Amino acid sequence: MDNEMNYRKSLNKSTNKKVIRIGSQNYVVNAERFKEFKKNVIAITVSVALAIATFGYVKDNIKFHHEKVDISLEVYDQMVDKGYKPVPADGEWDYRYELLDGIDPFDLSIYMGSEDALSILQYRGYESWDDYAQQEGYKNQRDWYNAQKKKVINPETKSKGGK
């Protein structure tokens with residue numbers, strides 16, 4: 001009880017004085033150092049929150065890059081299997097687009113680039129990427145591309161349990 005009384009007396013004294021006594025020890029109240037401490041805590045907290053938020057974004061971009069490499073290799077193999085020249089000769093792609101009918105437009109855009117894949121979309125009857133995206137139920141090409149990217153980064157599992 002004696003220490004508790006001393007503690008309360010010290011707290012009351014600390015409002016008026018710079019030095020407080022708790023038990024047998026004296027403590028100096030330094031408002032400037034406390035303000036500096038609060039600023040440092042806030043800065044560290046913001047830095048950690050920013051690092052955590054950035055980590056997810058960077059992780060997704062790295063994963064998408066790896067997936068794009070896999071998609072490109074798959075498209076290359078599909079093109080070779082169908083007899084399509086998978087590398088543009090003299091800067092021009094093979095114009096036998098009917099050989100590519102089974103390949104997904106997103107995969108083609110990853111492998112060939114969106115400008116060259118647009119020629120294949122036009123062969124399939126679409127006017128533009130936006131036209132294709134709207135017919136697929138998206139607002140525009142950007143919305144469609146972002147949705148496809150999310151599917152690649154976070155594929156849904158087909159059965160419960162993640163198998």
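A residue counts as buried when its relative accessible area is under 20%, and as exposed when that value is over 50%. Keep those two words in mind as you explore this predicted model.

**Stop 1: helix 3.** Select residues 105-112, which make up helix 3. How many of its eight residues are buried? Six are, and the helix is mostly covered. Color them to see the group: Pro105, Phe106, Leu108, Ser109, Ile110 and Met112.

Now look at the two ends. At the start of helix 3, add Asp104 to your selection: one of its side-chain oxygens comes to within 3.2 Å of the backbone nitrogen of Phe106. Phe106 is also one of the buried residues you just colored. After the helix, click on Gly113, which has a positive phi, near 95°.

**Stop 2: helix 2.** Next, select residues 31-82 for helix 2 and find Asp81 within it. Is Asp81 buried or exposed? Asp81 has 68% relative accessibility, so it counts as exposed. Show Asp70, Glu74 and Asp77 too: together with Asp81 they form a negative surface patch. Here is a handy rule for looking at a helix: an α-helix has 3.6 residues a turn, so residues three or four places apart point the same way.

**Stop 3: helix 5.** Finish with residues 129-135, helix 5, where you will find Asp131. Unlike exposed Asp81, Asp131 is buried. Asp131 has no salt bridge, and Arg124, the nearest side chain of opposite charge, lies 12 Å away. What does the side chain of Asp131 reach? Show the backbone of Glu127: the Asp131 side chain reaches its nitrogen at 2.9 Å.

Note on methods:
Residues are numbered from 1 along each chain as its sequence is written. This is a predicted model: local features need pLDDT of at least 70, side-chain atom pairs count only at pLDDT 80 or more; totals for chains, interfaces and linings use all residues. Side-chain values use heavy atoms; hydrogens and water are left out. Patches are made of residues with over 30% relative accessible area and no salt bridge: like charges are joined within 9 Å, nonpolar side chains (Val, Leu, Ile, Met, Phe, Trp, Tyr) within 5 Å. Accessible areas come from the Shrake-Rupley method with a 1.4 Å probe; for residues, only the protein chains shown count as cover. A salt bridge is a side-chain nitrogen of Lys or Arg within 4 Å of a carboxyl oxygen of Asp or Glu. Lys and Arg count as positive and Asp and Glu as negative; His and the chain ends are not counted. The place of a charge is taken as NZ of Lys, CZ of Arg, CG of Asp or CD of Glu. Helices (H or I, at least four residues) and strands (E, at least two) are DSSP runs, numbered from the N terminus. Buried means under 20% relative accessible area, exposed over 50%, partly exposed in between (1.4 Å probe, protein chains only). A polar contact is a pair of N or O atoms within 3.5 Å; within protein, one must be able to donate a hydrogen and the other to accept it, and residues adjacent in sequence count only if both atoms are side-chain atoms.
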